[in-house]
Amino acid sequence: LNLDAKRRIANAVAAFIPDGASVSIGIGTTPAQVAVALRAHTSLRVITNSLNVATALGGSPGIEVTIAGGPLRPSDLDVVGSGAVSCFSAFKTDFAVFGVGGIDRDGTLLDFEVAEVATRLAMADNCRTSLLVADASKFGRPAIARGGRLGDADHLFIDGPVPADYLGALQAGHPCVHLADRAETAARQTGEACS
């Protein structure tokens with residue numbers, strides 16, 4: 001769903017991440033598109049729990065890929081839970097790129113399983129800069145497992161302005177908002193400098 005928007009978000013993330021960085025990349029279709037957009041980078045070290053990400057980057061020269069171990073979820077082609085949490089907790093990456101199942105109006109980040117939340121939180125806790133990637137369909141999308149808040153991310157990459165109903169939740173934190181395919185970046189949507 002929303003493949004064009006996800007590709008635009010992915011291209012914006014790839015432009016933000018420099019060559020030579022270490023990056024953890026999580027599950028979902030938008031992070032998988034980020035992996036595709038990163039193929040031209042050099043000297044990247046990538047930690048992932050997604051076979052789609054590993055496959056997208058595995059043959060790229062100059063990109064080293066480490067994949068989390070554990071039971072594979074056949075429908076999603078990923079690993080979540082204790083194996084993935086242990087893997088992400090063993091590294092301190094420059095960047096963590098992750099999506100979510102949905103974003104509630106109060107700013108709560110949602111996924112479909114508790115194990116997905118635990119894995120995402122491990123990524124966010126073990127990076128220097130966290131990047132939440134979300135297309136417009138994530139705002140208001142219901143999912144049952146909760147963990148983290150919209151304001152916890154350092155950077156939010158989206159394909160359009162944050163819906164007005166969510167601005168309060170956004171301002172409760174500190175994310176720098178990047179609009180895909182836009183020359184300008186809305187820093188916390190308050191005019192502050194954002195890098």
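Gly26 sits in the loop that links strand β1 (22-25) to helix α2 (29-37); helices here are DSSP runs of H or I of at least four residues and strands are runs of E of at least two, numbered from the N terminus. The structure is a predicted model, in which local features need pLDDT of at least 70 and side-chain atom pairs count only at pLDDT 80 or more, while totals for chains, interfaces and linings use all residues. Residues are numbered from 1 along each chain as its sequence is written, and side-chain values use heavy atoms, with hydrogens and water left out.

With a relative accessibility of 2%, Gly26 counts as buried (under 20% relative accessible area, with exposed over 50% and partly exposed in between, for a 1.4 Å probe and protein chains only). Leaving aside neighbours within four places in sequence, Gly26 is in contact with Pro31, Thr48, Asn49, Ser50, Val53, Val97 and Met123, where contact means heavy atoms within 4.5 Å. Asp78 lies 52 residues away from Gly26 along the chain, and the C-alpha atoms of the two are 8.9 Å apart.

Just after this loop, α2 packs with helix α3 (residues 51-58) at an angle of about 10°, their axes being 8 Å apart. Axes are lines fitted to C-alpha atoms, for helices over the stretch in contact, and angles run from 0 to 180 degrees between N-to-C directions. The two helices, α2 and α3, are therefore roughly parallel to each other; angles under 35 degrees count as roughly parallel, over 145 as roughly antiparallel, 65 to 115 as roughly perpendicular and the rest as oblique. On the α2 side Pro31, Ala32, Ala35 and Val36 take part, and they meet Asn52, Val53, Ala56 and Leu57 of α3. By class, the contact of α2 with α3 holds 7 nonpolar, 1 polar and no charged residues (Ala, Val, Leu, Ile, Met, Phe, Trp, Tyr, Cys and Pro count as nonpolar, Asp, Glu, Lys and Arg as charged, and the others, Gly among them, as polar).

On the other side of the loop, β1 pairs with β4 in the parallel sense over 3 bridges, and Ser24 stands opposite Ala96 in β4. Strands pair if DSSP finds at least two bridges between them. Strand β4 is in turn joined to β7 by 5 bridges, again running parallel, with Cys127 in β7 as the bridge partner of Thr93. Because 5 of its 6 residues are buried, β4 is largely enclosed by the rest of the structure.

A second helix pair is formed by α4 (residues 82-89) and α5 (residues 114-125), whose axes come within 8 Å and cross at roughly 0°. Their contact is made by Ala84, Val85, Phe88 and Ser89 of α4 and by Ala118, Thr119, Ala122 and Met123 of α5.

The largest nonpolar core has 26 residues, and those with the most contacts inside it are Ile103, Leu132, Leu150, Leu156, Ile158 and Val162. Such a core is a set of buried Ala, Val, Leu, Ile, Met, Phe, Trp, Tyr and Cys residues joined through side-chain atoms within 4.5 Å. The largest share of this core, 3 residues, comes from α4.

Finally, an open sheet of 3 strands has the order β5-β6-β8, with antiparallel pairing. Its edge strands are β5 (102-103) and β8 (145-149), each of which pairs on one side only.
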